[in-house]
Amino acid sequence: MCGIFSIFSRDGEPIPPQILHDSKHSLRELAYRQSGKQRHRGPDSTGVYVIASEGVAMVHERLRIVGVAEGDQPFVSEDGNLILVANGEIYNYLELSAEIAKRRGSYNPKSDCHVILELYKDYGVDLLDHIIGMFAFALYDRRTKEVLLARDPVGIIPMYVGEDKAGNLWVASEMKCLVDTCPKVETFTPGEARFGKVGQLQTCWQFQQPWLKEVPTQDCDLSLLRSNLESAVRSHLHCDVHFGALLSGGVDSSLIASIATKIMRERDPNYRLKTFSVGLQDAPDFEAARHVAKYIDSDHKEIIFEIDDALDGIRDIVYHLETYDVTTVRCSLPMLLLARYIKSTGIKMILSGEGADEIFGGYLYFHKAPNYEDFHGELVKRVRQLHLSDCLRANKVAMAKGVELRVPFLDTGFVNHVMQIRPEDKIPGPLNKFGGKQHKRLEKYVLRAAFTDNYLPDDVLWRQKEQFSDGVGYDWIDSIRRVATSHVTDEEFAGAALRFPFNTPSTKEAYYYRSIFAELFPGESAARTVVRWVPRLDWGCPEDPSGRAQAVHQVNKD
C-alpha cells in the first residue's frame with residue numbers, strides 16, 4: 001500500500017510555473033512538494049514521472065510489500081505511452097500474470113499492481129472486470145491524452161480528486177495534498193472508474209450487485225460461509241515482508257487471527273502469528289485478547305497507553321484522518337499509538353477485522369431494526385459508507401506510520417456472498433429466523449455459528465460486540481469527551497449553526513473536532529467530504545455512537 005499523486009493539464013498543454021506560499025514551483029517541484037504531505041504512506045521510496053510538454057506529473061510514495069526489489073512506481077510501458085500510479089493490493093495478480101504470460105509468451109510482473117498496466121493494453125477500461133483487490137489508481141495514455149481513474153468496490157483505499165483554478169485535474173490518496181491548490185475537492189466514489197480527457201471524464205465502470213438494490217432471499221449455508229472467509233484470508237496473506245494481526249479480543253479480529261494461523265501452519269506447524277492489542281490498564285478487550293492469543297498460541301503483545309498520551313494526538317489524528325466525525329476520531333487515537341509500536345517492530349503489514357459489523361449487522365443498534373427490509377437497507381448504507389468511516393480510519397491511521405492494513409472481511413467475493421444472505425438469518429434479536437426457527441439471537445450469529453469447530457474459545461466466540469473505542473477502556477470515551485468539550489465555550493457552541501451551516505456539530509465534542517478540521521482543511525468543499533457516523537435515530541437509538549449508549553449493551557461489572 002502506498003500513496004499516489006497526479007496532476008493532469010486541462011488541455012494537454014504545458015502547465016506554467018506556479019506560485020505556492022510565495023515561492024515559484026515548476027510542475028515537477030509542485031508535484032513533489034504536494035505529494036510530500038502524504039509521504040508517510042510511502043517511506044521506502046518516492047518516484048516522480050513528468051511529461052512537461054503535456055502538463056502531466058505523476059508521483060508514487062511507496063511502502064514495499066510485494067515485489068520489493070522491482071516494484072517501484074510510476075510504472076511506464078515499454079513504448080512509453082502508458083504511465084500508472086497505483087495504491088493497494090491486487091489479490092489475484094498471480095492468476096492474472098499466468099493468463100498474461102499465456103497470451104504473450106512470457107510475463108514476469110514487477111509487483112501485484114503491475115498487472116493493471118498490462119491488462120489495460122489487452123482490455124482497456126474493461127480491465128476492472130478482471131482485477132480483485134483493494135486499489136486506487138491513475139493511468140495516463142499518451143496516445144490519446146486520456147486518463148483512467150478507478151477505486152475498489154468498497155473504498156478500502158482512499159482517493160480524492162480536485163480541480164485548481166486553471167481547470168487542471170489533481171488526484172491524491174489524501175486530501176491534504178490538494179487543499180492548498182484546489183478550491184474544489186471531492187472524494188472519489190468507491191466502485192467506480194472514470195475515463196476520458198481532463199474535463200470530459202465519464203463514468204465507464206461501476207460495481208454492480210443484486211444486493212445493492214434488492215432484498216436477498218438466499219439461506220445462509222454455514223459451511224460455505226466458513227470456506228469463503230478462509231479463502232478470503234488466504235488471499236490476503238501474500239506478501240514479501242513480515243506481517244502480524246490486530247487482536248482486540250472481539251470475534252472479528254480474533255477469527256481473522258485464528259484462520260491466518262491455521263493457514264500458515266499448513267507450511268510450518270510451529271508458526272506463531274504476531275498479534276497486538278491496545279488499551280488502558282485493565283481494558284475490557286485485554287482479557288479476551290489474552291485468551292485468544294493463548295488459544296491460537298500467537299506471539300502476543302499488549303500496548304498499554306495513558307489517557308493523556310492519546311489526548312495529545314487529537315490535532316494529529318484529525319490531520320491524518322481528514323475527518324471530524326466523532327466516532328472515527330475516538331477510535332483512531334489508540335490505534336495510532338498501536339500502529340506506531342507495530343512499525344517499530346519491523347512489521348509492514350497487519351491483518352484486521354474491519355467490515356464484519358457492516359456486512360453481518362454487528363453494531364448493537366441493529367437490534368432496533370424494525371423489520372428485515374429496513375435491516376438490509378441499513379446494511380447496504382453502511383457498506384456504501386465504509387470509505388467514510390471504518391475503512392478511512394483503518395487505512396489512514398495505519399499508513400500514518402507506514403503500515404499496510406488488510407481487511408479480509410471486505411474481500412469483494414466475501415462481501416458479495418454475505419450480502420446475498422437473506423436478512424432473516426442475519427438480523428440480531430428476536431426477529432432472527434436462522435434455520436427456519438425464529439429465536440432471539442446475538443448479533444453476527446451466523447458468523448459465530450460457522451466457526452464453532454476449534455477456532456476460538458467459546459467465551460470469545462459468543463462475546464457481545466464492543467466498539468473499539470469502548471473496548472480499549474470505558475474511561476477513554478469519557479475522558480476524550482470531557483477534554484474536547486472543555487475547549488468550547490457556551491457562547492461558541494451557541495453559534496455553531498452560523499459558523500458551520502453544513503453538518504452543524506450537535507455537541508461540544510463534535511464542535512471541537514470540526515474547528516480543528518476547519519483550520520487544517522479550510523473551505524466548504526473539504527467539509528463536504530465528511531459524513532458523520534450516527535446510529536439510526538428514527539429507530540429510537542441515541543445519537544451518541546458509543547456502543548455503551550445502546551440499550552442492549554451489557555456492561556461488564558467485574
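Colleague: Why does Glu266 count as exposed?
Modeller: Its relative accessibility is 53%. Exposed means over 50% relative accessible area, buried under 20% and partly exposed in between, using a 1.4 Å probe and protein chains only. So 53% puts Glu266 past the exposed cut-off. Bear in mind that this is a predicted model: local features need pLDDT of at least 70, side-chain atom pairs count only at pLDDT 80 or more, and totals for chains, interfaces and linings use all residues. Residues are numbered from 1 along each chain as its sequence is written, and side-chain values use heavy atoms, leaving out hydrogens and water.

Colleague: And what makes Arg234 partly exposed?
Modeller: Arg234 sits at 43%, so it falls in between the two cut-offs.

Colleague: How do you know that Arg234 and Glu266 form a salt bridge?
Modeller: The rule asks for a side-chain nitrogen of Lys or Arg within 4 Å of a carboxyl oxygen of Asp or Glu. Here N to O is 2.9 Å, so the pair passes. The two belong to distant parts of the chain, 32 residues apart: Arg234 in helix α4 (222-235), Glu266 in the loop between α5 (251-264) and β16 (274-279). Those labels are DSSP runs numbered from the N terminus, with helices being H or I of at least four residues and strands E of at least two.

Colleague: How many salt bridges does that rule give?
Modeller: The count comes to 40.

Colleague: What makes Glu322 and Lys396 one of those pairs?
Modeller: Their closest N and O atoms are 2.6 Å apart, so they meet the rule. This pair spans 74 residues, from the loop between α8 (314-321) and α9 (326-344) to helix α12 (390-400). Both Glu322 and Lys396 are buried.

Colleague: Why do Arg393 and Asp390 make the list?
Modeller: Because 3.6 Å between their closest N and O atoms is still within the cut-off. They lie 3 residues apart in α12, about one turn of the helix, and both are buried. Elsewhere, shared partners join Arg41, Glu174, Lys176, Glu322 and Lys396 into one network.

Colleague: Which residues bring α9 and α12 together?
Modeller: Among them are Met335 and Leu336 in α9, and Leu392 and Val397 in α12; contact means heavy atoms within 4.5 Å. The contact residues divide into 9 nonpolar, 2 polar and 1 charged. Ala, Val, Leu, Ile, Met, Phe, Trp, Tyr, Cys and Pro count as nonpolar, Asp, Glu, Lys and Arg as charged, and the others, Gly among them, as polar.
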